[in-house]
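Please open the model in your viewer and keep the selection panel at hand. The tour goes from one selection to the next and says what is found at each stop.

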Amino acid sequence: MISNFITMNGYGLYVWLSFGVVFISCAVVYFKTKKTLRKYEKEFLKELQALTLEEKNKALENSKVAQHILATSFKAN
Amino acid sequence: MFKFFSSSNIYPLIQKLIKFINSIFFLILTIGLTFALILSPPDYLQGEAVRIMYVHVPSAWIGLASFSVITLLSILNFIFKIKNFYFISKSIAPIGLLFTCLAIVTGSLWGQPTWGTWWAWDARLTSMFALMFFYIFYILTFKFLNGEELIIKVSSIIAIIGSINLPIIKYSVEWWTTLHQPASIKITGSNSIHLEMMFPLMVMLLVFLLYAALIFLMKYKTEIIRIKKKNIKRS
């Protein structure tokens, strides 16, 4: 039964290759996208922390995104 | 109404959506794979090779749907000048390209055992190949052109010209004699696919849609941070 499942009655190569190509490509794109997002989040956080208190308050007042990223970084720490 | 689409309003929702998708994704993937690879029956003509359908068809649908959304957003951007639509389109394009390429590759892997050839320059395959190039040109505008206004203009023109190809892809199997079979699933009219195969196909479509949504949200989030980063530097 297991060997039937693997060979798929002679179509195993095509079926497994199709599923394999799809899942490997999707995994590569997922990890690449996640890595880029983390990189941008870190860089943004670094720039926020480098601001003076006055500049930081202004940035936080004007940007919900900055507020959110700063809040999540505190949670993470 | 369009204020709702501002990045500041959408941003807090993105993280919640990413978490939600992550929490249900593997469960639905497991159900989809179990049905697609084990529980669904083999086809009376194609045998087990029909299982390739469960990755090929959703990939092709998402490839087409992504380009339709990009075209629609490009037209809306031309009319209403909402920059956010451009960032959404930019985030969707790589997903569309990925799924179009996957549809071509898995189609080729399906073609060999069923048609006896990896590739044929028939109308459906050639028009999908053309769609892949429209995606590539669209994405290249972001990489190689300078100036946001110019990028928006050129990418929108590519999307609108590329949209001519969409009905050609859809109706190619009816307009011309092709190796590719006609559509088995129709929005209007009766489907020629049995429920035992339709159910795994729909579950796999849901898996692919969730994955596409996840990648879109992460890419869109990256775009928002990139813009905010620029704004911080300016102020």
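Begin by selecting A:Ser18, A:Phe19 and A:Val22 in α2(A) together with B:Val55, B:His56 and B:Ser59 in α2(B), since these are the residues through which the two helices meet; contact here is taken between C-beta atoms, placed from the backbone, that lie within 7 Å. Helices (H or I, at least four residues) and strands (E, at least two) are DSSP runs, numbered from the N terminus. The model is predicted, so that local features need pLDDT of at least 70 and side-chain atom pairs count only at pLDDT 80 or more, while totals for chains, interfaces and linings use all residues. Residues are numbered from 1 along each chain as its sequence is written, and chains are lettered from A and ligands numbered from 1 in the order in which they are written.

By class, this helix contact has three nonpolar, three polar and no charged residues, where Ala, Val, Leu, Ile, Met, Phe, Trp, Tyr, Cys and Pro count as nonpolar, Asp, Glu, Lys and Arg as charged, and the others, Gly among them, as polar.

Now show both helices whole: the axes of α2(A) and α2(B) come within 9 Å and cross at roughly 45°, with axes being lines fitted to C-alpha atoms, for helices over the stretch in contact, and angles running from 0 to 180 degrees between N-to-C directions. The two helices are therefore oblique to each other, given that angles under 35 degrees count as roughly parallel, over 145 as roughly antiparallel, 65 to 115 as roughly perpendicular and the rest as oblique.

Widen the selection to the interface, where 29 residues of chain A are in contact with 32 residues of chain B. On the chain A side, the elements giving two or more residues are α2 (12-50) and α4 (64-76), and α2(A) gives the most, with 20 residues.

Next, pick B:Ser66, which lies in helix α2 (residues 53-80) of chain B. B:Ser66 is buried, because 24 other C-beta atoms lie within 10 Å (buried means 20 or more, exposed 12 or fewer, and partly exposed in between, with C-beta atoms placed from the backbone). Leaving aside neighbours within four places in sequence, B:Ser66 is in contact with B:Ile92, B:Ile95, B:Gly96 and B:Phe99. The C-alpha atoms of B:Ser66 and B:Ile95 are separated by 7.6 Å, although the two residues are 29 apart along the chain.

Finally, display chain B alone, with its seven helices and zero strands. Of its 235 residues, 38% count as buried.
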